[in-house]
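Hi everyone, thanks for coming. I'd like to walk you through a structure that may be new to you, one piece at a time.

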Amino acid sequence: MSVDFNALAQQFCNFYYDQFDKDRSQLGNLYRDHSMMTFESSQIQGGRSIVEKLVSLPFRKVGHRISTLDAQPASENGDVLVMVTGELVVDDEQNPQRYSQCFHLIPEAGSYYVLNDVFRLNYG
Amino acid sequence: MVGVQIQGWRNASQQDLVNFISRKSRIILQNVQSNMSSGVLTAFVRSMKDAEELEKCSGIRFAGDTLRIQIIDPVGISGDGRNQVTMNTISILRSFLRARYNASAKMLDLTNMVNDQTLVQNGLFSSSTTSSKFFPALMKLATQDKMDVESINLSDNRLDDNCRYLTELALSYPKLKNLAIGNNKISRLEFFNRLKNKFPYLRELIVSGNPLVANDNPTVLKGIVDIFPRLIIINGQQVRDEAKVNALFNFPVVTKSMFFETPDLSKVAANFIAAYLNMWDGQRHDLLQLYTPDSQFSYQVDTTRVGDAPSGPMSSANGSAGSSWSHYLSHSRNLKRVSGARSRMIRLFVGTDAIGKAFQALPKTQHSLQQNPNLYSMETISFPPLNGMQITLHGEFNETAHPEQPFPEHKSSNRGGRYNNQSRGGSRLEKRSFDRAFVVIPGPGGSFIVASDMLLVKPYSGNLAWSEEQRPVSAPSAVAVIPPVGLASNGVAVPGIGATSNMAPVALAPNQIFPPDVAAKLSPEQQQLVLKIMHETRLNLQFTIMLCEQSNWNYAAAGQNFANSKSQIPPQAYQ
């Protein structure tokens with residue numbers, strides 16, 4: 001495998017959460033029309049709808065802190081599965097919330113996009 | 001282009017009719033040909049949509065007569081439009097279908113169509129264009145006419161490896177139970193590979209008389225059987241135990257709180273997970289039959305925690321101090337902590353041997369999915385690159401015993417050594433929460449293959465995040481519309497809409513809120529709903545009523561709509 005999927009997964013997550021925290025309306029180009037996001041129990045398809053959903057979330061400031069991260073190559077084509085847990089600090093809340101998120105990344109033209117994105121909050 | 005036929009127009013000229021249609025329906029008739037003696041006018045319209053729109057105008061009055069309009073060419077079968085649309089291909093196909101359909105047996109007998117006199121005489125197989133359109137048209141009509149079909153016989157039709165009939169068939173009848181395609185020209189397994197996931201309910205298949213199975217090669221037959229998860233009988237021979245198949249696809253757990261992409265996938269996934277966890281607890285080693293030399297497994301531990309567990313021994317907020325993770329840490333593949341290519345590599349288990357060892361090195365467990373499904377949450381999505389599905393599962397387990405065979409101390413795995421220094425006796429068995437992601441693909445004999453498997457173990461955190469009690473809204477798709485509102489400082493979830501419908505009663509009485517004229521228009525139930533939503537969204541009365549009206553006074557829909565349009569709601573809409 002020519003691409004180091006571990007490094008890729010880390011780079012991707014850093015970029016993704018950084019962008020999310022700075023301006024989540026700009027995340028659209030990481031998704032495609034057939035991308036799926038499962039957000040808690042609802043499901044959204046397509047980059048535009050996904051970004052609309054993310055933008056509509058009722059907080060202004062948000063910060064992600066990655067706690068753990070693991071990755072596996074998911075097919076011979078270079079797909080990568082990424083599993084992340086972390087903390088979400090919303091607005092000026094004292095207590096962060098924990099979340100887990102699973103990305104399925106697909107290589108495309110020297111870069112990657114998100115095919116599946118499964119997000120789940122975990123209280124506690 | 002789709003052909004239409006119009007009668008009952010002869011009191012006026014052809015051009016008058018074309019103008020009239022164009023005015024009435026904004027549909028342009030093209031290639032108009034009329035036969036004055038029969039009174040039949042044929043023409044083409046741009047699309048099926050136009051044709052259907054036009055057909056709805058049938059019965060309209062025109063020049064003292066009544067127009068009768070029908071579509072004569074449902075899929076543009078008669079080609080480029082220069083041909084005179086002679087006969088109603090549609091009625092030929094319809095009568096053919098009717099003759100071949102046995103309603104009581106739910107059986108469509110399409111054997112030897114290529115030699116059917118009527119079909120051949122009408123040129124349905126005269127060119128490759130028409131014959132390629134023939135079968136889709138036939139299927140379309142069968143479904144249009146709501147023919148209930150469980151069995152189809154397509155034997156003796158010269159079907160070859162390139163034939164797309166079965167793909168069309170699957171579109172119309174995905175739940176087909178019995179299929180015969182004997183005495184055709186199918187010679188490659190490829191033909192069946194294209195049908196993966198297409199006939200999930202197929203029970204019996206007849207393929208005899210095709211070059212592919214001429215030698216009764218067991219590998220070939222098995223290859224075919226593998227494509228169809230519920231196939232019991234092939235060429236009259238039983239290949240699976242029907243009771244077992246039914247048991248496997250029949251899941252005892254209520255799946256209400258779970259989200260699934262499609263009902264079919266959901267059943268398969270729920271089944272799979274139930275069986276999997278059962279074996280994980282009972283005979284973990286036997287699970288290895290689901291893994292192949294290419295399968296991958298890795299696990300990681302998230303020892304950080306926020307706040308206090310809802311219950312349980314760990315009250316310290318500073319990481320793993322109150323908990324013991326020694327069974328997991330040596331091979332935890334958290335890329336945030338494990339750097340170095342080699343360290344990372346030895347923590348990714350590839351192939352059954354390595355995965356088996358990793359399984360034995362994890363504590364024995366007890367999950368309670370069957371007894372308490374609400375402690376678990378699951379999402380399933382299809383995984384097109386591998387023709388499979390991705391399942392993510394969240395829940396909890398109790399550790400019941402120390403690992404059968406812990407990893408030996410590994411000097412070169414720098415972190416492993418350190419953590420393994422904790423003696424076995426020092427590690428407590430605890431209740432943990434976990435996330436797990438599987439990529440599952442169809443395996444031989446209707447079984448499954450786990451292609452990817454990622455486990456994350458973390459401190460016990462309960463099921464608050466998805467429990468039904470917290471989220472009593474019934475429709476799963478409407479649940480959790482505004483989830484990340486944050487934990488309040490007391491650790492209780494701040495209710496977003498959709499998160500609580502059995503919350504504390506709203507303090508204000510209706511008459512303090514509703515002006516008399518508004519109150520008069522709303523039923524008591526509607527007033528209650530308005531109050532609740534006002535309280536939860538902080539929208540003002542006017543906007544709340546608007547939201548309720550647009551949501552048909554449905555609480556869940558209101559929550560969804562509110563979440564969806566939140567970014568466009570003006571500030572003055574709030575209280």
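**A walk through chains A and B**

Let's begin with a single pair of residues: in strand E6 of chain B, Ile69(B) is the bridge partner of Ile6(B). Before going on, please keep in mind that this is a predicted model.

That pair belongs to a longer match, as strand E1 of chain B, residues 2-7, runs antiparallel to E6(B) over 4 bridges. Now let's step back to the sheet around them. In what order do the strands of this open sheet in chain B come? The order is E2-E3-E1-E6, 4 strands with antiparallel pairing. At the edges stand strand E2 (30-35) and strand E6 (68-71) of chain B; each has a single partner strand, so one side of each has no neighbour in the sheet. From one strand to the next, the twist averages 20°.

Which helix lies across this sheet? Helix H2 of chain B, residues 48-55, lies across E1, E3 (40-45) and E6 of chain B, and its direction is at about 150° to E6(B).

Next, some helices further along chain B. H17(B) and H18(B) pack with their axes 9 Å apart, at an angle of about 115°, and the crossing is right-handed. On the H17(B) side, the contact includes Leu529(B), Val530(B) and Ile533(B), while the H18(B) side includes Leu541(B), Ile545(B) and Leu547(B). How do the residues of this contact divide? There are 8 nonpolar, 3 polar and no charged ones.

These two helices come up again with helix H19 of chain B, residues 555-565. Buried residues in H19(B) are Tyr555(B), Ala558(B), Gly559(B), Gln560(B), Phe562(B) and Ala563(B). What covers them? The cover includes helix H17 (524-537) and helix H18 (541-550) of chain B, together with helix H2 (47-56) of chain A.

That brings us over to chain A, for one last stop. Phe119(A) sits in strand E6 of chain A, residues 111-122. Is Phe119(A) buried or exposed? Phe119(A) is buried, because 20 other C-beta atoms lie within 10 Å, and 20 or more is what counts as buried. Leaving out residues up to four places away in sequence, Phe119(A) touches Met37(A), Thr38(A), Phe39(A), Glu40(A), Tyr99(A) and Gln101(A). Take Tyr99(A): Phe119(A) and Tyr99(A) are 20 residues apart in sequence, with 7.3 Å from C-alpha to C-alpha.

That's my tour, and thanks for listening!

Definitions and conventions:
Residues numbered from 1 in each chain as written. Chains lettered and ligands numbered in written order. Predicted model: local features only at pLDDT ≥ 70, side-chain atom pairs only at ≥ 80, totals over all residues. Buried ≥ 20, exposed ≤ 12 C-beta atoms within 10 Å, placed from the backbone. Contact = placed C-beta atoms within 7 Å. Pairing = 2+ DSSP bridges. Axes fitted to C-alpha atoms, helices over the stretch in contact; angles between N-to-C directions. Left-handed = near helix turned anticlockwise from the far one by under 90°. Nonpolar A, V, L, I, M, F, W, Y, C, P; charged D, E, K, R; others polar.
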